[in-house]
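Q: Please take a close look at a single part of this protein, namely one of its pockets. I should like a connected account that a first-year student can follow.

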Amino acid sequence: MFEKIAIIGTVGAGLVIGLMWPATHHDQSTAGDFSKADTVIARSSDLHYYADAEVNGRPLHFMIDTGASDIALTEADAKAAGVQVDPDQYEVIGDGASGIVRGQYVKLRTLELGGLRQQDVKAVVVPGASVSLLGQPFLDKVGEIVIRDGEMRLKNRAGS
């Protein structure tokens, strides 16, 4: 009985320490210029987080998707941001819930959300997408993401 309690206590302590341990594995060499203020995004009534960011200096509406492996733009958003898209260049980029996903990889000169700014950002334009997604290529460079009490807080890196 004592061994089970000791194992449960050890695992519990490890979880607490792991959740509190600061992430220090970010690649500083590719980080953008970050301001000191955190970016706070309120949860929408559909339980997602949306934010207006600037792409190439133009405002676009994104759904923040912590599970997305790419930054994805709708065709309309790509056009609004001055990104050249050629439907003849669309290729298979992945497999989604509805099957094969086609798109075109592009590079964004700048992507800025609040005080978080990145340059030369890889993204994909997805025909038929209903909303642009802000995924891991941007979020990986955020110091910390905290979701609590209906808010998502993008915390800037210390010393940035």
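A: The account below begins with the protein as a whole and then turns to the pocket. The model is a predicted one. In it, the protein has three helices and eleven strands. Along the sequence these elements follow the pattern α-β-β-β-β-β-α-β-β-β-β-α-β-β; the chain thus opens with a helix and ends with two strands.

Of the 160 residues in the protein, 32% are buried. Among contacts with a separation of 6 or more, 57% join residues that stand 24 or more positions apart.

The part chosen for a close look is the second largest pocket. Rolling a probe the size of a water molecule over the atoms shows where empty space is left. The volume of the second largest pocket is about 300 Å³, and its lining is made up of 15 residues. Nearest the centre of this pocket lie Ala 72, Ile 93, Val 101, Val 126 and Leu 133.

Strand S6, which covers residues 91–96, supplies four residues, the largest share of the lining. Sorted by class, the lining of the second largest pocket holds nine nonpolar residues, four polar residues and two charged residues.

Two remarks on aromatic rings complete the account. A search of the whole structure for aromatic pairs finds zero. The ring of Tyr 105 nevertheless has a charged partner: the charged end of Lys 122 sits over this ring, 4.7 Å from its centre.

Technical notes:
Residues are numbered from 1 along each chain as its sequence is written. This is a predicted model: local features need pLDDT of at least 70, side-chain atom pairs count only at pLDDT 80 or more; totals for chains, interfaces and linings use all residues. Side-chain values use heavy atoms; hydrogens and water are left out. Rings of Phe, Tyr and Trp (its six-membered ring) pair if their centres lie within 6.5 Å; planes under 30 degrees apart count as stacked, over 60 as edge-to-face and the rest as tilted. A charge sits over a ring if NZ of Lys or CZ of Arg is within 6 Å of the ring centre and within 35 degrees of the ring normal. On a 1 Å grid over the protein atoms alone, a cavity is a set of points where a 1.4 Å probe fits but cannot get out, and a pocket is an open set with protein on both sides within 12 Å along at least five of seven lines; lining residues have an atom within 4 Å of a point. Grid points are joined across faces, edges and corners, and a volume is the space filled by probe spheres set on the points. Ala, Val, Leu, Ile, Met, Phe, Trp, Tyr, Cys and Pro count as nonpolar, Asp, Glu, Lys and Arg as charged, and the others, Gly among them, as polar. Buried means under 20% relative accessible area, exposed over 50%, partly exposed in between (1.4 Å probe, protein chains only). Contact means heavy atoms within 4.5 Å.
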